[in-house]
Amino acid sequence: MRGKPVVRMAELEIDPERLEAYRVLLAEEIETSVALEDGVLALNAVSVRDRPNSIRILEVYASREAYEAHLQTPHFLKYKRETAGMVTSLTLIDVDPIAMRSKA
């Protein structure tokens, strides 16, 4: 049984000296996530305007189960481990998909 979609948004401050390396790893994570069949619908990252070292990541999953399963995939765990030292701050925001759609 499929639950309602889950949208997660994270805003990360990246060490300026590691920003390019982070972007390379992020590109790999996006490519892999979009290719997954297990309910991961999309992963998008954008730079926050006027804050060049801040990156906002938006993830959309088919259900909470798909989201939790994605957190345990080997490529995600590897990405998380490799980027841990690059992130200086992280804010996680739960987004209601219905409210998000109405804003669009």
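**Reading aromatic pairs, helix faces and the core**

Colleague: Tyrosine 61 counts as buried at 0% relative accessibility, but what does buried mean here?

Modeller: Buried means a relative accessible area under 20%, exposed means over 50%, and partly exposed covers what lies in between, with a 1.4 Å probe and protein chains only. This is a predicted model, in which local features need pLDDT of at least 70 and side-chain atom pairs count only at pLDDT 80 or more, while totals for chains, interfaces and linings use all residues. Residues are numbered from 1 along each chain as its sequence is written, and side-chain values use heavy atoms, with hydrogens and water left out.

Colleague: How many aromatic pairs does a search of the whole structure find?

Modeller: Rings of Phe, Tyr and Trp (its six-membered ring) pair if their centres lie within 6.5 Å, and planes under 30 degrees apart count as stacked, over 60 as edge-to-face and the rest as tilted. The search of the whole structure gives 3 such pairs. In one of them, the ring centres of tyrosine 22 and tyrosine 79 are 6.3 Å apart and the planes stand at 50 degrees, so this pair is tilted. Because tyrosine 22 belongs to helix H1 (residues 19–35) and tyrosine 79 to helix H3 (residues 74–83), the pair ties together parts that are 57 residues apart in sequence; helices (H or I, at least four residues) and strands (E, at least two) are DSSP runs, numbered from the N terminus. Tyrosine 22 is buried at 1% relative accessibility, and tyrosine 79 is buried too, with a relative accessible area of 11%. As for tyrosine 61, its ring and that of tyrosine 67 have centres 5.0 Å apart and planes at 70 degrees, so they form an edge-to-face pair, and tyrosine 67 is itself buried at 9% relative accessibility. Ring pairs also link Tyr22, Phe76 and Tyr79 into a cluster.

Colleague: Which residues of H3 are buried, and where do they fall around its axis?

Modeller: The arc is taken from the directions that run from the helix axis to the C-beta atoms. In H3 the buried residues are Phe76, Tyr79 and Thr83, and they fall within an arc of 60 degrees, so they line one face of the helix. Pro74 and Arg81, on the other side of H3, are exposed. Threonine 83, buried at 6% relative accessibility, is in contact (heavy atoms within 4.5 Å) with Tyr22 and Leu25, leaving aside neighbours within four places in sequence.

Colleague: Which elements give two or more residues to the largest nonpolar core?

Modeller: In soluble globular proteins, nonpolar side chains tend to be buried together. A nonpolar core is a set of buried Ala, Val, Leu, Ile, Met, Phe, Trp, Tyr and Cys residues joined through side-chain atoms within 4.5 Å. The largest one has 13 residues, and those with the most contacts inside it are Leu12, Ile14, Tyr22, Leu26, Ile55, Ile57 and Tyr79. Strand E1 (6–14), H1, E3 and H3 each give two or more residues to this core, and the largest share, 4 residues, comes from H1. Not counting residues up to four places away in sequence, isoleucine 57 touches residues including Leu12, Tyr22, Leu26 and Tyr79.

Colleague: Which side chain does serine 54 join through a polar contact?

Modeller: A polar contact is a pair of N or O atoms within 3.5 Å; within protein, one must be able to donate a hydrogen and the other to accept it, and residues adjacent in sequence count only if both atoms are side-chain atoms. Serine 54 lies in strand E3 (residues 51–61) and is buried at 0% relative accessibility, and its side chain is joined to that of glutamate 11 by a polar contact of 3.4 Å.
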